[in-house]
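Subject: Structure handover

Hi,

Here is the structure I promised to pass on. Please open it next to this email and follow along.

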Amino acid sequence: MRSPVVPEAVSRPTLEAVATRAGVSRATVSRVVNGGYGVRESLAERVRRAVAELGYVPNQAARSLVTKRHDAVAVVIAEPEARVFTDPFFALQLRGISKELTAHDNQLVLLLTEGRDDHARVARYLAGGHVDGALVFSLHLDDPLPGLIHDAGVPTVFGGRPGWRDRTGTPLYVDTDNRGGARTAVRHLAGLGRTRIAHITGALDQTSAVDRLDGYRDVMAETADGGGDPSLVVESDFTPAGGERAMRELLDRRPDVDAVFAANDLTALGALRVLRERGLRVPEDVAVVGFDDMLPLAEQSDPPLTTVRQDIEQMGRLMARLLLRGATTVLRDGSAAAGAGPKGASGPGDADPAARTPGPGVILPTTLIRRASA
């Protein structure tokens, strides 16, 4: 019986080989490869040419010892896998984050939390020095992650307005103008002559849902009776199934409802299904407005969904940009956003020019997208 042929391992070019090819010292190659300074451009160009000719790839572990960087960023989503991989919101935000990290040669490390045991696991990983920073979103108000991440000493940017203050004050975050967007949606419905406007909320242990509920109440408080009818508000959870449950409850409670502002597009899709089941026409009998403008879902719903657009992908990009930018960033209006970043990337003025910066937060604007549902 013949022994199998085992191919010889292909040797990787070494730092010494690059130095020999370029005719410089090993230390000079190390400085160029690791982004150091003090090397004449003519020598640096010889090193870069030798790297390309030999196909040299730096040893990341050795490089980290020199640079104190890992060129990796953890993205922590405080939701179970089933939610993350079925909700398009997370795909859009991850796409924005991935684009920004890739543009600056950083790797994305995805961490999900199914339950309390996962919180300790994530905290241990972050404290272990595997990444240069963390981007964290979809937190719930009772979530222990902010405290655990703070204790890990990892530079962090949060997605969404924090509902807490850590030991150093309000953390750095990127969010959408949820309250203002909700006001726009409800005013649009009122402008159509609708007087019994209901709201199906998101999960009220998340600040985005609370802010959208507050925006709804702001406009309802402007009505003739000076306030909204609590029977027109039903709590849900940002999912299509939750939207269906809430719409059935709402119609059983208030069959005279003539408009619905849903906390997100997935909730609105669930509400539309129930309205069809009950034989109600949209928008003739009940007008519906969502929040997100997740394409192609919003365009392909029946009827196409009027909704409040937030730039979810841009939120992700800005989160990554703020983290990569470094210690103290001066945003467009001159306010300072404090945070310790792993690696300077973009300069001042790179935030979205339409964004507002209340203290350590960046707030992106919203836009009403009118389609057939309202």
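Below are the notes on sheets, helices and three single residues.

First, the ground rules. This is a predicted model, in which local features need pLDDT of at least 70, side-chain atom pairs count only at pLDDT 80 or more, and totals for chains, interfaces and linings use all residues. Residues are numbered from 1 along each chain as its sequence is written, and side-chain values use heavy atoms, with hydrogens and water left out.

Element names come from DSSP runs, numbered from the N terminus: helices are H or I with at least four residues, strands are E with at least two. Two strands pair if DSSP finds at least two bridges between them.

**The parallel sheet**

One open sheet has six strands in the order E2-E1-E3-E4-E5-E13, with parallel pairing. Its edges are strand E2 (107-112) and E13, each of which pairs on one side only. Neighbouring strands here are turned by 20° against each other on average, direction ignored. (Axes are lines fitted to C-alpha atoms, for helices over the stretch in contact; angles run from 0 to 180 degrees between N-to-C directions.)

Two pairings are worth finding on screen. Strand E1 (residues 72-77) runs parallel to strand E3 (residues 133-137), joined by five bridges. There, Val75 faces Leu135 of E3. Strand E5 (residues 173-176) is joined to E13 by four bridges, again parallel. Thr176 has Leu364 in E13 as its bridge partner.

Now look at the side chains of E13. In a regular strand, side chains alternate between the two faces of the sheet. In strand E13 (residues 361-364), Gly361 and Ile363 point one way, while Val362 and Leu364 point the other way. All of these are buried, where buried means under 20% relative accessible area, exposed means over 50%, and partly exposed lies in between (1.4 Å probe, protein chains only).

**The mixed sheet**

A further open sheet of six strands has the order E7-E6-E8-E9-E10-E14. Its pairing is mixed. Strand E7 (233-234) and strand E14 (367-369) are the edges, each pairing on one side only. Strand E10 (residues 306-309) pairs with E14 in the antiparallel sense, over three bridges. Arg309 sits opposite Thr367 of E14.

**Helices**

Helix H14 (residues 312-325) has 14 residues and spans 20 Å from first to last C-alpha. That is close to the 20 Å expected at 1.5 Å a residue, a figure taken as 1.5 Å times one less than the number of residues. Of its 14 residues, 13 are buried, so H14 is largely enclosed by the rest of the structure.

H14 packs against helix H6 (residues 88-103). Their axes come within 7 Å and cross at roughly 40°. H6 and H14 are therefore oblique to each other (under 35 degrees counts as roughly parallel, over 145 as roughly antiparallel, 65 to 115 as roughly perpendicular, and the rest as oblique). The contact (heavy atoms within 4.5 Å) includes Phe89, Leu92 and Ile97 of H6 and Ile312, Met315 and Leu324 of H14.

Helix H2 (residues 26-33) and helix H3 (residues 41-54) pack at about 80°, with axes 10 Å apart. That makes H2 roughly perpendicular to H3. Thr28, Val29, Val32 and Val33 in H2 meet Ala44, Val47, Arg48 and Val51 in H3.

**Three buried residues**

The contact lists here leave out residues up to four places away in sequence.

- Thr267 is in helix H12 (residues 265-277). It counts as buried, at 0% relative accessibility. It touches Ile200, Phe238, Thr239, Gly243 and Ala262.
- Leu305 lies in the loop between helix H13 (297-300) and E10. Its relative accessible area is 0%, so it is buried. Its C-alpha is 7.4 Å from that of Val288, 17 residues apart along the chain. Among the residues that Leu305 touches are Asp265, Ala268, Leu272 and Ile369.
- Thr306 is in strand E10. At 0% relative accessibility, Thr306 is buried too. The C-alpha atoms of Thr306 and Ala268 are 9.7 Å apart, with their positions 38 residues apart along the chain. Contacts of Thr306 include His188, Val289, Leu368 and Arg370.

Which residues do Leu305 and Thr306 both list as contacts? Val288, Gly290, Ile369, Arg371 and Ser373 appear for each.

Best wishes
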